[in-house]
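User: I'm new to protein structures and would like a close look at a single part. Please walk me through the open space that a probe finds here, and explain the terms as you go.

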Amino acid sequence: MPGQLPGQLAGALPGQLRAVQGTFEELGTPLRDVTFVVVDLETTGGTPADGITEIGAVKVRAGRRLGEFQTLVNPGNPIPAFIQVMTGITDGMVASAPRIESALPAFLEFAAGSVLVAHNAPFDVGFLKAACAATGRAWPGFAAVDTVKLARGVVTRDEAPNCKLGTLAPLFGSPTTPNHRALSDARATVDVLHGLLERLGPMGITTLEELLGYSAKVRPEQRRKRYLAAGLPTEPGVYRFEDARGEVLYVGTSGNIRDRVRTYFTASELRTRMAEMVGLAERVVPIVCAHKLEASVRELRLIAEHKPRYNRRSRFPERMVWLKLTEETFPRLSVVRQVRPDEAHLGPFGSARVAEEAMTAAHEAFRIRQCRQPLSLRRTVPACVLAEMGRCNAPCEGRESPAEYAEHADGVRTAMESDARELVTRLRARIEALSAEGRYEDAARHRDRLAAFARTAARMQRLRGLTRCPELVAARPARDGGWDIAVVRHGRLAAATVAPHARAVLGAVAAAQATAATVLPGTGPLPAASAEETETILRWLEQPGTRLVALEGEWSSPLHGAGRWHAWLAAADAHRDTSREDDRPRGRLPRRR
C-alpha cells in the first residue's frame, strides 16, 4: 500500500480484514451474458491438413438463438468416397461452392466477439486455425468450450454408454437428429450445451471463467469454496488461506490477488495438496501491497512467521546452516547454525550435507586441519593419518608454527569472502588430472564439492554487497506509467511505495525515507534479513530499467569473487544433471507372474 509503514510489513493492513460478501458477477462473466457460437465442420479427412467441405454454426445467448450460419466449401480436391457416403456431400455439390479463402472470413465475422462451442472442440478449432494459417489470417483467439469434456464430467455411464453427439442429443431432448451435416449437428450441439449447463449450474458453474476451467477432476468441495474469492482486491499483494480457528494454512502472492485466488477452485490447480488445503479453508485474508517486490517480501516474512503447513518453501529460514572458520590459534572449519561476530562465515546452506561438501573442497585446496580437538602451543598430541597422507602439516605435533599455519587459514578465509581464484584453480587442476587418469567418478565428486563451495560463496558475496549498504533507494517504471519505489537498509526492505508519475518520484522517495523502518544490523553476512529476502530484492534491483535514486555506503562485489565462475558452475550443473539422467533405469522393469 502506498505510504504503508514498513513496520507492518509482516501483518495485515488496517481495514482489510473485514469480510465482504460479493456477488457472482464479481467473480467473472455470468453465463447469461455470454454469446456462444456453436460450430460444426464437415471435412475430407481427420487432420487439419485435410480440407473443409461445410461450415455450420448457431449463435445463442441466454438460451435464445440469435442466428445461424451455413455454407458448403470447395476443398480444392476430390472428396473421398467413404466421406461422401457418410456426410452425403459430393464433389458435385461443392463444385460451385466458395473456397475457404472466401468462406472463412464470413464465418469469422459471424463469430466475432463470441465463445466457440463444439462437440470435440479440438477437432473443429484445429481445422479453423489451420485454415487461418493457410489463408494468411491471424487466429482471433476465440475461447473454446468442448461439450465432450463437459459431458464426461456430468453424464454417467448409466445414462449414456458414451459421449457421442448422436447419443447425447436424444438424452437432452434435442428435436434435431445429428446426421453428419454441419448445421444439423450444430443445432443438436446447442441443445446438448443447454442441457449440460443446466446440470453444471447446481455445481456452482455460473460464469464463463468457471466453465472454461471446469474439469471433472476438481472435487466438489474444492469448487464450492469459490465464494472465498468474492470481494478480493485486484491489486498486487499477499493472500492468506485460514481455517475456522484462524490458523494460517497457506500464504501466496500475486500481481492480482482476486484472479490468483480464483484459480484454486478450478481445473488449473493440479496440486493435490492445494485441493486438500482449499477443503479446510474458511476465509482468505488479502494484504494489498504497493508493488510486487513488497508482496514477495511480505510472503517470505509471513511464511517464516506462521510456518503454514501447505507451504513447502521458505518455512524454516532458521534451519539454514553455515560454514565458519573458528577463531583460535589453529583455526578449523565447522558447520554451525548460529553466526557469531569476528568469525569468517560461508553460507547459508540449505542442508548440512551441502555444507560438508563445501568444507571438503576447502580441505582439498588448503592444508587446514580437520580434527576437532582444541590445540595448544604448550602441549602436543600425536598426529592423525591425514598427516601421513600429506593432507595436513600436523600443527598438533608442532611441525608448523601458528604463523605458518595462518597462511592456510588465510587462504580459506580469502576464498570465502573475496578471492576464490586459488581454491578454484587447485581443485580444477585436480579434476582435470583425475579425468586424464580415467577416474571419472572421483573427478565428478571433486566437481560437485567445488561447485558447492563456489556457488555458495558467489551467492554470499553478492548478498554482502547489498547488506553492507546502510541505505539504498531505487525506483523502477511500472506498467501504468508510475514508478515503484523501494527503500532497502542493510539488505532488508524498509519501505515500499509508488509514485504516479516521474515528477512525483523525489517527493515519494523523501516520504518513504522519512517513514521507513529503522534497521539495526546484527552480525554476519546477513545482518538484518533472510538470504531469500535479500536475494529477492537483488533480483528486483537487477531488472532492466531500475534506477538507483540514493545510496549510502558502497554497493559492490569483489572483483575476483566466486561469481566470476558462473559459466563453469552452469556447465557443472548440466553435467551433473546429465549423469543423473544416464543413471536412471531404462524401459520397464520385468513383471513377475
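Analyst: **The largest pocket**

Five elements each supply at least two residues of the lining of the largest pocket: the helices α13 (292–306) and α20 (531–541), and the strands β12 (471–477), β13 (483–489) and β14 (492–499). Helices (H or I, at least four residues) and strands (E, at least two) are DSSP runs, numbered from the N terminus. The model is predicted, so local features need pLDDT of at least 70 and side-chain atom pairs 80 or more, while totals for chains, interfaces and linings use all residues. Residues are numbered from 1 along each chain as its sequence is written, and side-chain values use heavy atoms, leaving out hydrogens and water.

The largest pocket (an open set of 1 Å grid points over the protein atoms alone, with protein on both sides within 12 Å along at least five of seven lines) has a volume of about 550 Å³. Its lining, meaning residues with an atom within 4 Å of a point, has 22 members, and H291, K292, A478, R479 and D484 are the closest to the centre. By class, the lining of this pocket holds 10 nonpolar, six polar and six charged residues. Here Ala, Val, Leu, Ile, Met, Phe, Trp, Tyr, Cys and Pro are nonpolar, Asp, Glu, Lys and Arg charged, and the others, Gly among them, polar.

For contrast, look at enclosed space, where a 1.4 Å probe fits but cannot get out. There is one such cavity of 30 Å³ or more, and the largest cavity holds about 50 Å³. Among the residues lining the largest cavity are R369, Q370, C371 and C384; that lining has nine nonpolar, one polar and one charged residues.

Definitions and conventions:
Points joined across faces, edges and corners; volume = space filled by probe spheres on them.
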